[in-house]
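Open the model in your viewer and keep the selection panel at hand. Each stop below says what to select and what to look for there.

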Amino acid sequence: MENKKPTIATLGEFGLIDRLTGDLVTLQKSTLKGVGDDAAVIACGEEVLVVTTDLLLEGIHFNLMYMPLKYLGYKSVVVNISDVCAMNAVPRQITVSIGISAKFTLEMVEEMYEGIRLACERYEVDLVGGDTSSSLTGLVISITALGTAPAGQLTYRSGAHHNDLLCVSGDLGGAYMGLQLLERENEVFKVNAHMQPKLEGYDYVLQRQLRPEARTDIVEAFKKLGIKPTSMIDISDGLSSEILHLCNSSGTGCRLYEDKIPYDSQTKEMALEFNINPLVAALNGGEDYELLFTIPVGDYEKIKNDPDITVIGHMTKAEEGVLLVTTGGSLIPLVAQGFNHLTEEET
Ligand code: ADP
Ligand code: MG
């Protein structure tokens, strides 16, 4: 029988990571968690250190036609800080590595660094190193963030139990709608460079795409409310994909209620204008950088009056499946439809 070897395209991003790292063994006692969560966890005296890294490539993760360099610098820091938040830890330091192609001037690189500095100030993190190289293929930015937490306070993707409440911070789908708007105006611009982009009145969704913030405030709120989520992840790839990560890591199923998903009014208006169901923007859009987490039912009283936290479902036994309960009451299995850069199409 023919035994077909998978390709990078058939494996996809997560399949590839599994294949490359699935049989890694850790030799250091201090390696408390290696591959498989939002950050690695390393024992460090009384506290633990969390370490996370992200790679951003021009033409894949950002388009300089509509992403100002200052915003790009800011956002590349934020996406890493968001992963530190997803561990319930406090960000402390970052390193920044860049590859610059010949088209970049000193002013452009300085502008990007202005954004990086602003994010460092805003999140009180120190930029402590990095690396600089030339690049043949456009701009490359890789940022590593370090954070700390008392060991007992960390939240992993794997701690959810059936009956836990599934909660999300903020609102969803905005970053995706902002991207749709920027892409539409960019297409118009490509056809007629004299046309001014129509961006007025869309500031919320644009800000969600161009200048997201990491939810350090939610991590602080957990401390004040006396809550330690049983599991947590940040929403970089869309709600579907992140719910599946929590369920797979925790060995649970889930019910997500369509009518509970929080949207900003501008996201809903934009979705109507673009003829896109806002549900699709929330489930598959990604880049909202909100926190998705589970808490025991007994903690409901602590979060119920927090306007920044919404209960969107509950965890179930694994055999019950990972399901969306639609407004009409139908049950639909959730599938990960985040943008898969490795297969270059929506999977
Ligand atoms: P996130 O979306 O939170 O940034 P990823 O999906 O990128 O997380 O990564 C999932 C896990 O796989 C993380 O633990 C990450 O460190 C690890 N990982 C990703 N790519 C590689 C790689 N090339 N080699 C080793 N580990 C990797
Ligand atoms: Mg993450």
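Are Asp38 and Asp83 buried or exposed? Select the pair: Asp38 is buried, and Asp83 is buried too. Keep in mind throughout that this is a predicted model.

**Stop 1: the magnesium ion**

Leave the pair selected and add ligand 2, the magnesium ion. Its coordinating residues are Asp38, Asp83 and Asp234, each through OD, at 2.0 to 2.2 Å. Written as a sequence pattern, the donor spacing is D-x44-D-x150-D. Asp38 and Asp83 link distant parts of the chain, 45 residues apart. Colour by secondary structure to see where each one sits. Asp38 is in the loop between β1 (31–33) and β2 (40–44), while Asp83 belongs to helix α2 (residues 69–86).

**Stop 2: ligand 1**

Now select ligand 1 and show the residues around it. The shell consists of Glu13, Phe14, Ile17, Thr21, Val35, Gly36, Asp37, Asp38, Asp54, Asp83, Arg157 and Ser236. Which helix gives the largest share of this shell? Helix α1 (residues 8–21) does, with four residues. Colour the shell by class: six residues are charged, three are polar and three are nonpolar.

Next, turn on distances to the oxygen atoms of the ligand. In the side chain of Asp38, an N or O atom is 3.0 Å from an oxygen of ligand 1. For the side chain of Asp83, the corresponding distance is 3.1 Å. Asp37 takes part through its backbone, with an N or O atom 3.2 Å from a ligand oxygen. How much of ligand 1 does the protein cover? The cover is 63% of the 570 Å² of accessible area that the ligand has on its own. Asp38 and Asp83 thus appear at both stops: they are in the shell of ligand 1, and they coordinate the magnesium ion.

**Stop 3: Val84**

Move one residue along, to Val84 in helix α2. Why does Val84 count as buried? Val84 counts as buried because its relative accessible area is 0%, and the cut-off for buried is under 20%. Show its contacts beyond the local stretch of sequence. Val84 touches Val50, Thr52, Ala89, Val90, Pro91, Ala145 and Gly147, leaving out residues up to four places away. Then draw a C-alpha distance to Ala40. The two are 44 residues apart in sequence and 9.6 Å apart in space.

**Stop 4: Ser134 and strand β5**

Select Ser134 in strand β5 (residues 126–134). Ser134 has 63% relative accessibility, so it counts as exposed. Add Gly99 to the selection. The C-alpha atoms of Ser134 and Gly99 are 5.0 Å apart, with their positions 35 residues apart in sequence.

**Stop 5: backbone angles**

Switch to a backbone view and list phi values. Most residues other than glycine have a negative phi. Which way does phi go at Asn163? Asn163 has a positive phi, near 85°. Find Asn163 in the loop between β6 (140–150) and β7 (165–169).

Asn275 also has a positive phi, of about 60°, although it is not a glycine. Look for Asn275 in the loop between α8 (265–274) and α9 (278–285). With 73% relative accessibility, Asn275 counts as exposed.

A glycine rounds off this stop. Select helix α6 (residues 216–225), whose buried residues are Thr216, Ile218, Val219, Ala221 and Phe222. Just after α6 comes Gly226, with a positive phi of about 70°.

**Stop 6: two more loops**

Select Asp299, in the loop between β10 (291–295) and α10 (300–303). Asp299 is buried, at 12% relative accessible area. Draw a C-alpha distance from Asp299 to Pro212. The two are 87 residues apart along the chain and separated by 28 Å.

Finish with Ala336, in the loop between β13 (331–333) and β14 (339–340). Is Ala336 buried, exposed or partly exposed? Ala336 is partly exposed, at 38% relative accessibility. Add Glu242 and draw the C-alpha distance. Ala336 and Glu242 are 94 residues apart along the chain, and their C-alpha atoms are separated by 8.1 Å.

Methods: Residues are numbered from 1 along each chain as its sequence is written. Chains are lettered from A and ligands numbered from 1 in the order in which they are written. This is a predicted model: local features need pLDDT of at least 70, side-chain atom pairs count only at pLDDT 80 or more; totals for chains, interfaces and linings use all residues. Side-chain values use heavy atoms; hydrogens and water are left out. A residue is near a molecule or strand if one of its heavy atoms lies within 4 Å of it. A polar contact is a pair of N or O atoms within 3.5 Å; within protein, one must be able to donate a hydrogen and the other to accept it, and residues adjacent in sequence count only if both atoms are side-chain atoms. Accessible areas come from the Shrake-Rupley method with a 1.4 Å probe; for residues, only the protein chains shown count as cover. Helices (H or I, at least four residues) and strands (E, at least two) are DSSP runs, numbered from the N terminus. Ala, Val, Leu, Ile, Met, Phe, Trp, Tyr, Cys and Pro count as nonpolar, Asp, Glu, Lys and Arg as charged, and the others, Gly among them, as polar. Donors are N, O and S atoms within 2.8 Å of the metal (3.2 Å for Na, K and Ca); water is not among the atoms, so sites may look incomplete. Buried means under 20% relative accessible area, exposed over 50%, partly exposed in between (1.4 Å probe, protein chains only). Contact means heavy atoms within 4.5 Å.
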